[in-house]
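Let's take a relaxed walk through this structure, one piece at a time. Have the sequence and the 3D view ready as you read.

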Amino acid sequence: MKKCRLFPLLLALCMLLAAFYLPVSAADAAEDASADTAQASEPFTVEAKAAMLVDLNTNRVIYEQNPDERVYPASLTKIMTCLLVLENGNLSDTVTVEESAFADIDGSSSTAGLMVGEQLSVENLLYCMMLMSGNEASNVAAEYIAGSVADFVRMMNERAYELGCENTHFCNPHGLHDDDHYTTARDLVRITQAALKSETFKQITNTATYTMPATNLSAERELSTTNQLIRDDTSNGFYYSKASGIKTGYTSQAGRCLISSAKSDGMYFLSVVCGAATEVAESGDIVMRSFPETIRLFEYGFDNFAYVTALSPLYPVTQIAINNSAGSEYVALAPKDEIRILLPKNYDPALLETKLTLDAGAVDAPVAAGSSHGTAEVLYNGESYGTTELVAITDVAKSEIAAAGASTASYIQNNWWKWLVVLIVLAVAAFLVLLVLLAIRRRRQREKWLALRRRKLDRMDRGYDREE
């Protein structure tokens, strides 16, 4: 009996507890959901002054943050220096380090440990410059190529102009601070893309450690890259297996700078980060924010974008009429090249379109497979992503009979005025002939009438027609 009375009491207690806790739990759940939504809707940003992410397969800009704002490049300058050496020098040449190479070098700045009078190959000089970020190595390279640093700087600015850099000015070949030594993230992309055309550049900048042979003044030495993204060791927390190259940079005015490339699932990205901060972790370690921000930028691209095959040579997209064909009256046209574009994974298919332009409404046989008859342009949201030719997928033979008939009809159609003149001339000639025939007929009738008249008069003279 007591159990029956306790049950309603326990039930009421449970209901009171539920009433007390459930609203709080619901509120917490709503708050968590709101936080997740806010986090998902927040636009992606990089903790740096300027940044860019470019798809190197298509040269499309995937992300940009202050891409045209002036920044100090620091040792990213050495990418242009290396480019000019590769374009104008010889890797097997031997250079000698002159005292002038140290003239503008701050003792606290990075060097490769080269000594005055030391002799080394141009190839080894580039490893000193790009791995160790040796500032004196940059001056040695400049003097080797141009004879003096000043003349080399002139070459740097001329080459930047040739590459389309609109807001870049160099004052030295190494990147130590000068208020008049500046560039932009977009211009750095242009310079780096030009350098990446060289396999030697890619090999050097993607080398984590390099054993430099002994020189006349130094024993064999080990060079290590300043780029933590490609340095695979247990003490490095910023190793990124997808990364390859390219160059770091730092001055107090420029902040932490890094240009790198990365590949994954067929995607090939170039990242530029300029003006990132330097932080001190709780452990006391110095954190160069250019490395984690670059990794975040790469992961943003890999996670949110994918290639879409908009056009393929395997699939015809239209056809064109064939005149004087011995077979089919039409031939199918397919894209000459495949067009793959990088789009957000949640892209709207309705915004993806193909604009077809034919050179003519019809063509005359024969038609050769692969012959071009127009273009196909791929657009997304009104922006052009690529253009290719439209080519015939098969041969089409010519019909001689049809061609002859068409040729005659075409000749008549194109020369109608000549035929009109001929008809007029024939009509005039016929009229003149008719007049001549009529004149001849009248003359003959007159002659016949005169002859009858003369015979009648002769009879009268002979009395044949005299009355009795």
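## A helix, a strand and the cores

The buried residues of helix α5 pack against α2 (77-88) and α4 (135-146). Here, buried means under 20% relative accessible area, exposed means over 50%, and partly exposed lies in between (1.4 Å probe, protein chains only). Helices (H or I, at least four residues) and strands (E, at least two) are DSSP runs, numbered from the N terminus. Contact means heavy atoms within 4.5 Å.

Before going on: this is a predicted model, where local features need pLDDT of at least 70 and side-chain atom pairs count only at pLDDT 80 or more, while totals for chains, interfaces and linings use all residues. Residues are numbered from 1 along each chain as its sequence is written, and side-chain values use heavy atoms, with hydrogens and water left out.

Back to α5. Its buried residues are F152, V153, M156, R159 and A160. Seen down the helix axis, they fall within an arc of 120° (taken from the directions from the axis to the C-beta atoms), so they line one face of the helix. The face turned away from that buried side carries the exposed residues A150, Y161 and E162. What about the span of α5? The expected span is 1.5 Å times one less than the number of residues, so the 14 residues of α5 (149-162) should span 20 Å, and the end C-alpha atoms are indeed 20 Å apart. Just after α5, G164 takes a positive phi of about 90°.

Now for strand β1 (residues 50-55), where six of the six residues are buried. Both faces are covered: A50, M52 and V54 sit on one side, with A51, L53 and D55 on the other. The table shows how β1 pairs up; two strands pair if DSSP finds at least two bridges between them.

| Partner of β1 | Sense | Bridges | Opposite V54 |
|---|---|---|---|
| β9 (residues 267-276) | antiparallel | six bridges | L270 |
| β2 (residues 60-65) | antiparallel | five bridges | V61 |

The hairpin of β1 and β2 has four residues between the strands, and N59 there takes a positive phi near 60°.

Finally, the cores. A nonpolar core is a set of buried Ala, Val, Leu, Ile, Met, Phe, Trp, Tyr and Cys residues joined through side-chain atoms within 4.5 Å. The largest one has 59 residues, and M80 and L114 have the most contacts inside it. Helix α3 (residues 122-130) gives the largest share, seven residues. A second, separate core of 24 residues includes L53, A262, I295 and Y307.
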